[in-house]
Amino acid sequence: MAGLTVLVDHVASLRNSGRGADPSPATAALLAELGGADGIGAGWHPARALIDEQDLRLLRQSVHGRMVLHLTAAPEWVGLALDIQPERVILRPSETSDEGKAADAFDMALHTKTIFDMVDTLQSNGIGVGVAIVPEPEQVKSAHQARASWIHISTRRLQTAPSAANQHQELLKIIDVVKMAHRLRLRIALGGGLDFRLVKLFTGLKEIDEFSIGHGIIARAVLVGMETAVRDMVTLIRTL
């Protein structure tokens, strides 16, 4: 059965928009764990600066389960990961999209040496490493060659598909890549725009190890509370 990692970046975004101390990502993480989350995720991308270093340290102190750090793949941030000591790091590109948001996944061919070096350094220090990729076979092969233990497959194209037919095509691509990664003995996480509706599309795909969800849970939490929103998602995942 797949696990659930709850990303708390959007909690920090709400806090920052009010220029105060609330809502606290660390408090949201505690409530998410009470709701049954297997892990808590947070991103470090200086271009967005939603989560700051103090947030990461508070999360490390307060998270009882798994902490997953989504880290910009630049050598200067290796020291931060080694200091925070999350259970897992997901390497993400440093580039931003036209909207100024962090890119969801690598073009692995452009980052081979950086990724290889960071994977080796982090895993030799006891931190599991995954790589954020788009659902394309060559990306899976590159992540495997880099000796990453996880891949984090972006589902953003599934979310933004302009029609049901396009969405179905994107779903088939993800399914093919998931099965390929499983054959290569990679652990598999899916994330990027997932919500309660989209998660249902993966019913029966038992090769998935983890769903990584932020906005889809935080949006429901605004209405029903964090603990309930997470519990609802955990219940849904268990039925897939």
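# Why these words fit this structure

Guide: Helix 6 and helix 8 are roughly parallel to each other. The model that shows this is a predicted one.

Visitor: Why are helix 6 and helix 8 called roughly parallel?

Guide: Helix 6 (residues 137-145) packs on helix 8 (residues 164-183) at an angle of about 25°. Angles under 35 degrees count as roughly parallel, so the term applies to this pair. The two axes are 9 Å apart, and the crossing is right-handed.

Visitor: Which residues make the contact of helix 6 with helix 8?

Guide: Helix 6 supplies P137, V140 and K141, while V177, M180 and A181 come from helix 8. Sorted by class, the contact has 5 nonpolar residues, 1 charged residue and no polar ones.

Visitor: What makes helix 2 roughly parallel to helix 3?

Guide: The angle does. Helix 2 (residues 25-34) and helix 3 (residues 53-62) pack at about 30°, and their axes are 9 Å apart. The cut-off for roughly parallel is under 35 degrees, so helix 2 meets it with respect to helix 3. The crossing of helix 2 and helix 3 is right-handed. On helix 2 the contact is made by P25, A26, A29 and E33, and on helix 3 by D55, L58, L59 and S62. These residues divide into 5 nonpolar, 1 polar and 2 charged.

Visitor: How do you know whether E210 is buried or exposed?

Guide: By its relative accessible area, which is 2%. Buried means under 20%, so E210 is buried. E210 is found in strand 8. Leaving aside neighbours within four places in sequence, its contacts include R66, R88 and W150.

Visitor: Why is Q85 called partly exposed?

Guide: Q85 has a relative accessible area of 35%. Partly exposed covers what lies between the limits of 20% and 50%, so Q85 belongs there. Q85 sits in the loop between helix 4 (78-84) and strand 4 (88-92).

Visitor: What makes R185 count as exposed?

Guide: The relative accessibility of R185 is 76%. Exposed means over 50%, so R185 qualifies. Its place is in the loop between helix 8 and strand 7 (187-191).

Visitor: What is there to note about phi in Q85 and R185?

Guide: Phi of Q85 is near 60°, a positive value in a residue other than glycine. Phi of R185 is near 65°, also positive and also in a residue other than glycine. Most residues other than glycine have a negative phi. G225, just after helix 10, takes a positive phi of about 100°.

Visitor: Where is there a cis peptide bond?

Guide: The cis bond joins D22 and P23, with omega about 0°. Most peptide bonds are trans. P23 is in the loop between helix 1 and helix 2.

Visitor: Which residues of helix 10 are buried?

Guide: In helix 10 (residues 215-224) they are G216, I217, I218 and A221. Among the elements they pack against are strand 1 (3-7), helix 1 (9-18) and helix 11 (226-238).

Visitor: How do you know how compact the protein is?

Guide: Its radius of gyration is 17 Å, and the globule rule gives 18 Å for 240 residues. The two values are close, so the protein is as compact as a globular protein of that length. The protein has 11 helices and 8 strands, and 50% of its residues are buried. Its C-alpha atoms fill a box of roughly 45 × 40 × 35 Å along the principal axes.

Technical notes
Residues are numbered from 1 along each chain as its sequence is written. This is a predicted model: local features need pLDDT of at least 70, side-chain atom pairs count only at pLDDT 80 or more; totals for chains, interfaces and linings use all residues. Side-chain values use heavy atoms; hydrogens and water are left out. Axes are lines fitted to C-alpha atoms, for helices over the stretch in contact, and angles run from 0 to 180 degrees between N-to-C directions. Helices (H or I, at least four residues) and strands (E, at least two) are DSSP runs, numbered from the N terminus. Angles under 35 degrees count as roughly parallel, over 145 as roughly antiparallel, 65 to 115 as roughly perpendicular and the rest as oblique. A crossing is left-handed if the near helix is turned anticlockwise from the far one by less than a right angle, and right-handed if clockwise. Contact means heavy atoms within 4.5 Å. Ala, Val, Leu, Ile, Met, Phe, Trp, Tyr, Cys and Pro count as nonpolar, Asp, Glu, Lys and Arg as charged, and the others, Gly among them, as polar. The radius of gyration is taken over C-alpha atoms; the globule rule is 2.2 Å times the number of residues to the power 0.38. Buried means under 20% relative accessible area, exposed over 50%, partly exposed in between (1.4 Å probe, protein chains only).
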